[in-house]
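Here is my note on the model you sent, set out as numbered points. It takes one charged pair as its starting place and works outward from there.

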Amino acid sequence: QQIQQNTASPTTYTNTTTTTNTKTTTTSNDQTNMNWTQTDDEVELLLPNIPPGTTSKQIKVRFGRNSLQVSVAGTLIIDGPTGGNLLRDDSTYTLQDTTTAPSSNNNNNNKTRELCIIMGKQQPGTVWPYAIKNSQ
């Protein structure tokens, strides 16, 4: 499954929030199947279904003061303001392999890749109302 660029008008992700102790977990789904969680100090975005064979050199992530841009293999998939200000020095990303359960048509596990983006919060302890408003 490939990530497709959303050419619709700007998107605000809808989300459901559950608070457990000091950790707030929020999940959001759209065309990029983005999920996110936040703690007092950081926001984590998880983008599953990165095309197999994608290398770290094909991933471009730009952390702005209060914005995020993500490109995969030359296709811009995230571009917009974040729910709060970032500490760019505390922000990073990793590309990792995952394995999904075999489908009924296939007895083999399906190997995919996912992109994990960690954004450091400039104001620890604040709750972001959203991770990103995506214009893509």
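1. The model is predicted, and the charged pair to look at is Arg 113 with Asp 97. Arg 113 forms a salt bridge with Asp 97, and their closest N and O atoms are 2.7 Å apart. Arg 113 belongs to strand β10 and Asp 97 to strand β9, so the pair ties together parts that are 16 residues apart in sequence. The count of salt bridges comes to one.

2. The two partners differ in exposure. Arg 113 counts as buried because its relative accessible area is 18%, and the cut-off for buried is under 20%. Asp 97 is exposed, with a relative accessible area of 61%; exposed begins over 50%.

3. On the Asp 97 side, the list of contacts is brief. Leaving aside neighbours within four places in sequence, Asp 97 is in contact with Thr 112 and Arg 113. The Asp 97 and Arg 113 side chains also make a polar contact, at 2.7 Å. Asp 97 and Ile 50 are 47 residues apart in sequence, while their C-alpha atoms are 9.3 Å apart in space.

4. What else does the side chain of Arg 113 lie close to, in terms of a backbone oxygen? A polar atom of the Arg 113 side chain lies 2.4 Å from the backbone oxygen of Thr 54. Anyone setting up a calculation may wish to look at this distance of 2.4 Å in the model.

5. Lys 121 is a second charged residue in strand β10, which covers residues 110–121. Lys 121 is buried but has no salt bridge. Which side chain of opposite charge is nearest to Lys 121, and how far away is it? It is that of Asp 40, at 5.9 Å, against a salt-bridge limit of 4 Å. The side chain of Lys 121 does make a polar contact of 2.8 Å with the side chain of Gln 38.

6. The surroundings of Lys 121 draw on several parts of the sequence. Beyond four places in sequence, Lys 121 is in contact with Gln 38, Thr 39, Asp 40, Asp 41, Glu 42 and Val 43, and also with Asn 85, Leu 87, Thr 126, Val 127 and Trp 128.

7. Glu 42, one of those contacts of Lys 121, lies in strand β5. Glu 42 is partly exposed, at a relative accessible area of 31%. Not counting residues up to four places away, Glu 42 touches Thr 37, Ile 118, Met 119, Gly 120 and Lys 121. Glu 42 and Pro 124 are 82 residues apart in sequence, yet 7.7 Å separates their C-alpha atoms.

8. The largest nonpolar core has 22 residues, and those with the most contacts inside it are Leu 45, Leu 68, Val 70, Ile 78, Ile 117 and Met 119. Two or more residues each come from β5 (42–50), β6, β7 (67–72), β8 (75–81), β9 (86–100) and β10. The most come from β5, which gives four. Leu 45 is in contact, beyond four places in sequence, with Met 34, Asn 35, Trp 36, Leu 68, Leu 115, Cys 116, Ile 117, Met 119 and Ala 131.

9. As for the overall fold, the protein has zero helices and 11 strands. Of its 136 residues, 40% count as buried. Among contacts between residues at least 6 apart in sequence, 55% join residues at least 24 apart.

10. Confidence is uneven along the chain. The mean pLDDT is 77, and 68% of the residues reach 70 or more. Among the elements, strand β6 (residues 59–63) has the highest mean pLDDT, 97, and strand β1 (residues 11–12) the lowest, 33.

11. How many contacts beyond four places in sequence does the model have for residues 1–31? There are 67, although pLDDT stays under 50 over this stretch. Where pLDDT is low, the predicted coordinates should not be read in detail. My request is that any account of the model state the pLDDT of residues 1–31 alongside these 67 contacts.

Definitions and conventions
Residues are numbered from 1 along each chain as its sequence is written. This is a predicted model: local features need pLDDT of at least 70, side-chain atom pairs count only at pLDDT 80 or more; totals for chains, interfaces and linings use all residues. Side-chain values use heavy atoms; hydrogens and water are left out. Buried means under 20% relative accessible area, exposed over 50%, partly exposed in between (1.4 Å probe, protein chains only). Lys and Arg count as positive and Asp and Glu as negative; His and the chain ends are not counted. A polar contact is a pair of N or O atoms within 3.5 Å; within protein, one must be able to donate a hydrogen and the other to accept it, and residues adjacent in sequence count only if both atoms are side-chain atoms. Contact means heavy atoms within 4.5 Å. pLDDT is the predictor's confidence in each residue, from 0 to 100. A nonpolar core is a set of buried Ala, Val, Leu, Ile, Met, Phe, Trp, Tyr and Cys residues joined through side-chain atoms within 4.5 Å.
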